[in-house]
Structures are given as structure tokens and as C-alpha cells.
Amino acid sequence: MTYTIVDIETTGLSAYYHKITEIAALKYKDGKIINKFSTLINPETEIPRFITRLTGIDNDMVKDAPTIEKTIQKFQSFLGDSAFVAHNATFD
């Protein structure tokens with residue numbers, strides 16, 4: 001069985017209103033890591049200080065990062081047909 005564990009960071013605590021700032025994922029097969037995906041995302045909005053303190057991600061870190069529109073297709077290709085396991089499924 002192949003599965004991918006995913007974690008994201010965002011500009012806030014709402015899955016509906018806030019923007020993604022990082023995607024990280026580990027793909028496993030038979031209990032062993034077979035691939036990794038990690039990228040910062042430019043949310044095209046300011047990251048609040050509260051979120052920077054929480055995640056360690058600040059505006060300077062993401063200013064030259066790709067937007068989610070430029071990243072999502074690569075991420076979907078990385079996921080392929082593996083099972084999707086989220087750290088916080090209702091949010092991620």
C-alpha cells in the first residue's frame with residue numbers, strides 16, 4: 001500500500017479564508033519513505049505575526065516562492081493515486 005502524509009501551513013486558522021504558505025508531504029510504501037515533497041508558497045497576502053511565531057514562516061521567506069496556482073499541479077502529480085493522510089484532515 002502506498003500512502004502520503006500531508007501537512008500544510010497557512011496565513012491563519014480558517015480553511016475557508018486563509019492562504020497556504022507551505023506544503024510538506026512524505027510518500028510511504030510498505031512503511032518506508034519513498035519520496036518527499038516540500039515547498040513554501042507565496043500566499044499573495046501578508047502573513048500575520050501570530051502565524052509567523054506559530055509556524056516560523058515569515059513574509060521574506062515566501063516573497064519569491066511560487067503561488068499555489070503554480071504549485072498545485074506538481075503536488076497533485078506527486079500524490080498520484082496514493083492514499084492521502086492529513087495531519088489535521090478537516091483543515092489540510
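A residue counts as buried here when its relative accessible area is under 20%. Keep that cut-off in mind for this tour of a predicted model: of the 92 residues in the protein chain, 30% count as buried.

**Stop 1: the whole chain**

Begin with the full protein chain in cartoon view. You should find three helices and four strands. Follow the chain along its sequence and the order reads β-β-β-α-α-α-β. The radius of gyration is 14 Å, close to the 12 Å that the globule rule gives for 92 residues, so the chain is as compact as a globular protein of that length. If your viewer can draw a box along the principal axes, the C-alpha atoms fill roughly 40 × 25 × 20 Å.

Now think about which parts of the chain touch. Among contacts with a separation of 6 or more, 54% are between residues 24 or more positions apart.

**Stop 2: the surface**

Switch on the surface next. The accessible surface of the protein chain comes to about 6300 Å², and carbon and sulfur atoms account for 51% of that area. Then colour by charge: there are 10 positive and 12 negative charges, and their mean positions lie 4 Å apart.

**Stop 3: two tyrosines**

Go back to the cartoon and look for rings; the structure holds three aromatic pairs. Select Tyr3 and Tyr28, which form a stacked pair, with 5.2 Å centre to centre and 5° between the planes. This pair links distant parts of the chain, with Tyr3 in strand S1 (residues 2–10) and Tyr28 in strand S2 (residues 20–29), 25 residues apart.

Is Tyr28 buried or exposed? Tyr28 has a relative accessible area of 16%, and the cut-off for buried is under 20%, so Tyr28 is buried. Its partner Tyr3 has a relative accessible area of 23% and is partly exposed.

**Stop 4: the phenylalanines**

Now select Phe37 and Phe78. Their pair is tilted, with 5.4 Å centre to centre and 40° between the planes. Here a strand meets a helix: the pair links Phe37 in strand S3 (residues 32–40) to Phe78 in helix H3 (residues 68–79), 41 residues apart. Phe37 is buried, with a relative accessible area of 14%. Phe78 counts as buried too, at 9% relative accessibility.

Which residues do ring pairs link into a cluster? Add Phe75 to your selection, and you have the cluster of Phe37, Phe75 and Phe78 on screen.

Technical notes: Residues are numbered from 1 along each chain as its sequence is written. This is a predicted model: local features need pLDDT of at least 70, side-chain atom pairs count only at pLDDT 80 or more; totals for chains, interfaces and linings use all residues. Side-chain values use heavy atoms; hydrogens and water are left out. The radius of gyration is taken over C-alpha atoms; the globule rule is 2.2 Å times the number of residues to the power 0.38. Buried means under 20% relative accessible area, exposed over 50%, partly exposed in between (1.4 Å probe, protein chains only). Contact means heavy atoms within 4.5 Å. Accessible areas come from the Shrake-Rupley method with a 1.4 Å probe; for residues, only the protein chains shown count as cover. Lys and Arg count as positive and Asp and Glu as negative; His and the chain ends are not counted. The place of a charge is taken as NZ of Lys, CZ of Arg, CG of Asp or CD of Glu. Rings of Phe, Tyr and Trp (its six-membered ring) pair if their centres lie within 6.5 Å; planes under 30 degrees apart count as stacked, over 60 as edge-to-face and the rest as tilted.
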